[in-house]
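Thanks for sharing this one. Here are a few notes to read alongside the coordinates, starting with the ligand and then moving out to the chains.

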Amino acid sequence: MHNLYFAGVDVGSLSTDVCIIDQSGKVFSEMVMPTGVNGSEAAERAFDASLKQADLTRTDISAITATGYGRASVAFATGKTTEISCHGVGAHQLFPKTGTVIDIGGQDSKVIQVDTHGRMLDFAMNDKCAAGTGRFLEVMANRLELDLDELSNPLNIKGESAPISSTCTVFAESEVISLLAKNTPREEIVHGLQRSIVNRIWGMVTSIGIQGEVTLTGGVAHNRGLVALLEAKLGLSLNIPDNPQTVGALGGAHIACRAYHSTLESSTT
Amino acid sequence: MNLSIPERSEYLKILSDSDQKIMGVLPALYPRELLWAFDLHAAEIWDPPGDILHANAHLQTTICPVVKKSLEFILKEPDVINTGYLFPHTCDSLQNLGTQVKDLIGVSLPVYTFYNPKGSFNNTTTKYYREILQNFQSMLEVSYGTLDSEKLQAACLLGHRIDSRLMDIQEARQTDRLLLGNQEYFQLMRAQEYLLPKDYMSLLEQVEILDQPSEGAKARILVSGILPPSPQILDFLDKLGVSIVADDLLAGSRRLPKFPMDPPDSPLDYLTDRFFILPPCSTRGGDLDERLHQLNKRSKSSKAQGVLFDLVKFCEPELFDHRLLVKTLREQKIPVLTLETELDSHLSGQDKTRIEAFIELLFEMVPR
Ligand SMILES: Nc1ncnc2c1ncn2[C@@H]1O[C@H](COP(=O)(O)OP(=O)(O)O)[C@@H](O)[C@H]1O
Ligand code: SF4
């Protein structure tokens, strides 16, 4: 039997991510590109780049799941599923003992409980305040004149952290300005910012609870300092995917594959 | 089915142009039959459209948008409200608003208050309720002359017919015997907030109830909170094939008796009894266990697969109940989704994602 290929296209607020797999789940391409202002163009661009990487053409792909906040704009998709379900399935594929997924993306963050098939059982989502999202870190990095990588430095968890009391980006930004004016060391401010995100995540975790292993997804999983703080707060070690931004797309590709086969089954029975 | 439901402001304008006395009534529970008996039309003010501009100057930021929008409306002193305002004691925010409008802000029309008792049925609460009914009656008599007891009896009979028909419609909704989408169903429920009772009754009579269940919706949910979800959300649910088959809303089934009552014999007894057999409610300091029981019962009878809480931001009474309700429902493995509304018309991308994810969960849409 020839290979069947499936794709997930995750149009996020900041990045558009594509993943292509075959029916055995082997990954052929993972692509992360900026979304920019036009989600549908970003999807086309990222998908084409991903096909090129996998050395495939559009006709080779049997089913495509669109996900992410721009999922409705992916014209070439064969199905659409929320990023909440996709992150659950994707995280479960990478770490089969995953019971809980924490996804911290650009404009929102989520805690998702999944069953033994990676299917979502319950979720909580924060989008009311930017603190708790990647965007918050970006605004602050800008203010601190640091790049995202510098903002990710792991710090000694016992080290000092500047008090950032506010959970609102606008207020937090003015707190940062006044801390800078007081010559507070940047590392302490960075630590304070990471802590305020962790506190927001903690709020969601307590509302739905933790079960099984915990996998962290979304771009903010690149932030090593935050990961260390979150692990300390949760009192466990987190599964961190090599490519945390493409976990939603990976889940989407698996959902496309499962949907393709279940349609096939139901049409042959 | 296409019901012709008159638009609120146009309808009220026509009424006031024809010299109908109209009182602006704030949410939620008040002795409507008593007003009807004085030929006063109760036009309820829950979520009038328009931005909140001037009300903010009088209210703290942490006050719910129902109160803010109501004040914004009242500050405009709209012509359609021509006899006064009634503030039932639904929550502290509304009670304070009543005092503020009466004593501090001042409006040209009289302001009445109605202090619903908190707590359940017992000798003290029923005695108290009867007293406030009588006081309210006396207060209205000062302006509108002695109450005609036959009119009150007729008003109670009409109220009773409306309740009975609404119960039938609600029951039909739960069992898929109504051909109404979510939007239309809640438009129908909410038309009681501004239609004259006789007009509302004839509207209810136009509703077709099928003998047999129609094809069921793809997913069935129960909604709880103060107001029904916004038209945008209802429309979105319609498109997703989700039907709200039952509700536990203050602007919905929480203002309808738990079970059918005998037709009124003595009006004041009838009104008192009716008040105390309303379903448990956060605004009356109701028993939370009873509310949970009621919620479970409704979920079961309507075969709802999950519960959607649509909370009004900063609604203290409801937020208080919500925490415990959600905790218990989760323990019972009943899927729950909470949305928070500011009563604007915007449906955010995130709320869409929440709703869709909730539906994926209810449907088990993600294959194994
Ligand atoms: N190399 C990196 N180091 C630290 N943080 C990063 C890095 N790359 C991305 N991020 C964080 O990830 C966020 C974007 O996450 P992503 O999952 O792509 O969001 P979305 O799905 O909403 O597009 C950025 O706001 C940023 O904070
Ligand atoms: S929404 Fe809640 S707080 Fe606001 S008026 Fe109604 S009961 Fe009171």
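1. A quick word on terms: a residue counts as near a molecule if one of its heavy atoms lies within 4 Å of it. Please also keep in mind that this is a predicted model.

2. Which residues come nearest to ligand 1? The shell holds 17 residues, and those that come nearest are A:Ser13, A:Leu14, A:Ser15, A:Gly106 and A:Gly219. By class, the shell divides into 12 polar, 3 nonpolar and 2 charged residues. Helix α3 of chain A, residues 134-144, gives the largest share of the shell, with 3 residues.

3. Three polar approaches to ligand 1 deserve a look on screen. At A:Ser13, an N or O atom of the side chain is 2.9 Å from an oxygen atom of the ligand. At A:Glu138, a side-chain N or O atom likewise has a ligand oxygen at 2.9 Å. At A:Gly106, the partner of a ligand oxygen is a polar backbone atom, again at 2.9 Å. Taken alone, ligand 1 exposes 570 Å², and the protein buries 86% of that.

4. Where does ligand 1 lie with respect to domain 1 and domain 2 of chain A? Domain 1 (5-86 + 246-267) and domain 2 (99-240) both give residues to its shell, so the ligand lies between them.

5. I would also point readers to A:Lys110, which sits in strand β7 of chain A, residues 109-114. Is this lysine buried or exposed? Its relative accessibility is 2%, and because buried means under 20%, A:Lys110 counts as buried. The side chain of A:Lys110 has a polar partner, making a contact of 3.0 Å with the side chain of A:Asp108.

6. A:Ala63 belongs to strand β4 of chain A, which covers residues 61-67. With a relative accessible area of 7%, A:Ala63 is buried too. How far apart in space are A:Ala63 and A:Thr78? Their C-alpha atoms are 5.8 Å apart, while 15 residues separate the two in sequence.

7. Finally, chain B. This chain contains 13 helices and 8 strands. Its radius of gyration is 20 Å, close to the 21 Å that the globule rule gives for 368 residues, so chain B is as compact as a globular protein of that length. Along the principal axes, the C-alpha atoms of chain B fill a box of roughly 70 × 50 × 40 Å. Of the 368 residues in chain B, 59% count as buried.

Note on methods: Residues numbered from 1 in each chain as written. Chains lettered and ligands numbered in written order. Predicted model: local features only at pLDDT ≥ 70, side-chain atom pairs only at ≥ 80, totals over all residues. Heavy atoms only, no water. Polar contact = N/O pair within 3.5 Å; in protein donor to acceptor, adjacent residues only side chain to side chain. Areas by Shrake-Rupley, 256 points an atom, 1.4 Å probe, with all protein chains shown as cover. Helix = DSSP H or I, 4+ residues; strand = E, 2+ residues; numbered from the N terminus. Nonpolar A, V, L, I, M, F, W, Y, C, P; charged D, E, K, R; others polar. Domains from an automatic or database assignment. Rg over C-alpha atoms; globule rule 2.2 N^0.38 Å. Buried < 20%, exposed > 50% of the residue type's maximum accessible area, 1.4 Å probe, protein only.
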